[in-house]
Amino acid sequence: MPTTSITPPQLDLLDNPVWAALSGPHARFAERVGRAARYPEDVSPFGALADPADPGAWADLAALVGPGGAAALTGSLEPPADWRIDGEVAGVQLADTSLRAEPAPEAVRLGPADVPEILDLIARTQPGPFLPRTIELGTYLGIREDGPDGPLIAMAGERLHPAGWTEISAVCTDPAHRGRGLATRLVRAVAAGIRERGDTPFLHTAAANTSAIRLYESIGFTLRRRTVFVRVVGPS
């Protein structure tokens, strides 16, 4: 597939991508109270507020998570006084501007039967959260050692889905098989599927993961914004 430079509409959806997904293409997953929403706990840890500056949205989130409940949010937040931040990780968001997307003939599509093996690979590589039903969020591709029946050694797939955009996530390679370009091939292959349906790929990674950021920039992603992944705990 030829290299393209895409300027998609609704770029501002990426400012609040979890809300844009849960109030849009991923609405079927949404557990929602008013202006707060979250994914089911076995799908994704993330939730969102329609407007983090709106006290009413925080009240809706409190009703959604219950007394003393927690939520994982994104962005620079100033919670109300009766909420507390329980942990945060600095992150970055990158968007496709010149990625060469192409299929990977050796990649296989992963499904629910592969989840135990996926969870094992995730546990060994720590690319970010992956839960028993995360596989339902989109297409996940893997590469297996020595053919389609071998052990899973690398994977990547789709997570957040704001309108017109799809996030590439769970990019990881078994440590014994790094340095072979497997992750790059899988990112290009997942991106090819995203492009085929008219969406634009984007992704997140930890700000401290400078090697991943350099890789993504080298293959055609551009740093769009810095963000924060925040775990908040509500009033008891």
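**A three-stranded sheet and its aromatic pairs**

Three strands form an open sheet in the order β1-β2-β3, with antiparallel pairing. The model is predicted. Besides the sheet, this briefing covers two of the aromatic pairs, of which the count is 6.

**The sheet**

- Strands of a sheet pair through backbone hydrogen bonds, and the pairing is either parallel or antiparallel.
- In the open sheet β1-β2-β3, the edge strands are β1 and β3, and each of them pairs on one side only.
- From one strand to the next, the twist averages 15 degrees.
- Strands β2 and β3 run antiparallel and are joined by 3 bridges.
- A37 stands opposite A48, which belongs to β3.
- Helix α2 (residues 55-65) packs on the sheet and touches β1, β2 and β3. The direction of α2 makes about 40 degrees with that of β2.

**Aromatic pairs**

- A pair of aromatic rings is described by two values, the distance of the centres and the angle of the planes.
- The count comes to 6 aromatic pairs. One of them is the tilted pair of F29 and Y39, at 6.2 Å centre to centre and with 50 degrees between the planes.
- F29 lies in the loop between α1 (17-22) and β1 (31-33), and Y39 lies in the loop between β2 (36-38) and β3 (47-49), so this pair ties together parts that are 10 residues apart in sequence.
- F29 is buried, with a relative accessible area of 7%, and Y39 is buried at 1%.
- F130 and Y140 form an edge-to-face pair, with 5.3 Å centre to centre and 85 degrees between the planes.
- F130 sits in the loop between α3 (115-125) and β7 (140-144), while Y140 is in strand β7; the pair links distant parts of the chain, 10 residues apart.
- Both F130 and Y140 are buried.

Conventions:
Residues are numbered from 1 along each chain as its sequence is written. This is a predicted model: local features need pLDDT of at least 70, side-chain atom pairs count only at pLDDT 80 or more; totals for chains, interfaces and linings use all residues. Side-chain values use heavy atoms; hydrogens and water are left out. Rings of Phe, Tyr and Trp (its six-membered ring) pair if their centres lie within 6.5 Å; planes under 30 degrees apart count as stacked, over 60 as edge-to-face and the rest as tilted. Helices (H or I, at least four residues) and strands (E, at least two) are DSSP runs, numbered from the N terminus. Buried means under 20% relative accessible area, exposed over 50%, partly exposed in between (1.4 Å probe, protein chains only). Two strands pair if DSSP finds at least two bridges between them. Axes are lines fitted to C-alpha atoms, for helices over the stretch in contact, and angles run from 0 to 180 degrees between N-to-C directions. Contact means heavy atoms within 4.5 Å.
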